[in-house]
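Dear colleague,

Please find below the structure that I am handing over to you, together with its sequence. My findings follow directly after it.

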Amino acid sequence: MSTRTPLMAGNWKMNLNHLEAIAHVQKLAFALADKDHEAVEVAVLPPFTDLRSVQTLVDGDKLKIKYGAQDISAHDAGAYTGEISGPMLAKLKCTYVVIGHSERRQYHRETDELVNAKVKAAFKYGLTPILCVGEELDVREAGDHVRHTLAQVEGGLKDLPAEQAESIVIAYEPVWAIGTGKVCGSDDAQEVCSAIRGKIAELYTQDVADQVRIQYGGSVKSSNVAEIMAKPDIDGALVGGASLDADEFVKIVRFRDQ
Ligand SMILES: O=C[C@H](O)COP(=O)(O)O
C-alpha cells in the first residue's frame, strides 16, 4: 500500500467562467467540509481567467482545496502575447500547473523540449508541475505505448535535479481514453504507471521514484475510480469532464466509499 497522498485534480479545461467557478468551488467546499476526505488532496485547475476569483475564495474562507493553472509560459516575462508566466501564477498562489496536456501537444504542437522548459519554469517559481504523458490510439494498437510514454517522461524530466523530480506529479493519460468514455483498463493503466515509476528509478533513484505521485486520467468517473485507485502505482486521478459536476467530483474524491 502506497504512503503517497492521493491527488484528485479536476482539470476544467475551457469551461466555467469566473462566476461559475466561484459557485462550483463553494459547492465542492461545502460537500467536502467534513473530515472524511482529508487523506486525499483535492485540487481544481480552472482557466486562467478564474484563478483570481478562486484564490480569493480559497484564501478568504481558508479552504483546503488547492488550485492551479492548465499551462505556463516557458518564459519569465516579455513580448509573448497571450502567455501567462510562472511569476504571475506564483503571485496567485497556485500550487499546481498542468504541463504537456495532450490537448496542448495536439492543438499547439507542444514538443517534449518545450514541455521540459515549462517544467523548469514551474519549479523556478515554486509551482508543482502535473506533467501529462500518454499515447494516441495508433501507438497503443501498435503495442508501443510503454516506450512512447516513457520517452515523454524522459523528455519532460530532462536535466531536472532529483530534489525537483521527487515532487513532480505525472499524469498518465492515454489520449484515446480522454473524453471518449473509453476507460483504459485498470491493469493496463497500472502497467504503464509502474513502467513510469521504473523509469524514474532508472533516471534518479528508487527513493525518488517512490515519492513521485502518478495519476491516471481518461474518462475517470465515480463508477470506475475505486478500481483504478486500487492499483499500487496509481496515486490519484486527473479528471476532466466529470470534474465539472461538483457532486460527481466529490464522489471521485471519496473514492474509498464507492
Ligand atoms: O485532464 C484531464 C483529462 O484530459 C481527462 O479528461 P476526461 O476525464 O474528460 O476524459
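**Helix packing and the ligand site**

Helices α1 and α2 cross in a right-handed manner. The model is a predicted one, and this pair is a convenient place to begin. On the α1 side, the contact is formed by H18, A21, I22, V25 and Q26, and these meet S53, V54 and L57 of α2. Sorted by class, the contact of α1 with α2 comprises five nonpolar and three polar residues, with no charged residues. Helix α1 covers residues 18–31 and helix α2 residues 51–60; their axes come within 9 Å and cross at roughly 30°. Because angles under 35 degrees count as roughly parallel, α1 is described as roughly parallel to α2.

A second helix pair consists of α7 (residues 145–157) and α9 (residues 186–203), which pack at an angle of about 40° with their axes 10 Å apart. The two helices are therefore oblique to each other. The crossing of α7 past α9 is right-handed. From α7, the residues in this contact are H145, V146, T149, L150, V153, E154 and L157, while α9 supplies V192, A195, I196, K199 and L203. By class, the contact of α7 with α9 holds eight nonpolar, two polar and two charged residues.

I turn now to the ligand. It is surrounded by 14 residues, of which N11, I178, G179, G240 and G241 are the closest. The shell divides into eight polar residues, five nonpolar residues and one charged residue.

The UniProt record, an unreviewed entry, gives a "binding site" at N11, W12, K13, G179, S219, G240 and G241. These positions span 231 residues in sequence, yet no two of their C-alpha atoms are more than 13.8 Å apart, so they gather at one spot. Among them, S219 is located in the loop between β7 (213–217) and α11 (225–229). N11, G179, G240 and G241 appear both in the record's binding site and among the closest residues to the ligand.

The unreviewed UniProt entry also lists H101 and E173 under "active site". Although these two are spread over 73 residues of sequence, they cluster in space, with a largest C-alpha distance of 8.5 Å. H101 itself sits in the loop that lies between β4 (96–99) and α4 (102–107).

With kind regards

Technical notes:
Residues are numbered from 1 along each chain as its sequence is written. This is a predicted model: local features need pLDDT of at least 70, side-chain atom pairs count only at pLDDT 80 or more; totals for chains, interfaces and linings use all residues. A residue is near a molecule or strand if its C-beta atom, placed from the backbone, lies within 6 Å of it. Ala, Val, Leu, Ile, Met, Phe, Trp, Tyr, Cys and Pro count as nonpolar, Asp, Glu, Lys and Arg as charged, and the others, Gly among them, as polar. Axes are lines fitted to C-alpha atoms, for helices over the stretch in contact, and angles run from 0 to 180 degrees between N-to-C directions. Helices (H or I, at least four residues) and strands (E, at least two) are DSSP runs, numbered from the N terminus. Angles under 35 degrees count as roughly parallel, over 145 as roughly antiparallel, 65 to 115 as roughly perpendicular and the rest as oblique. A crossing is left-handed if the near helix is turned anticlockwise from the far one by less than a right angle, and right-handed if clockwise. Two residues are in contact if their C-beta atoms, placed from the backbone, lie within 7 Å. UniProt positions are given in the numbering used here, feature names are shortened, and annotations may be inferred rather than shown by experiment.
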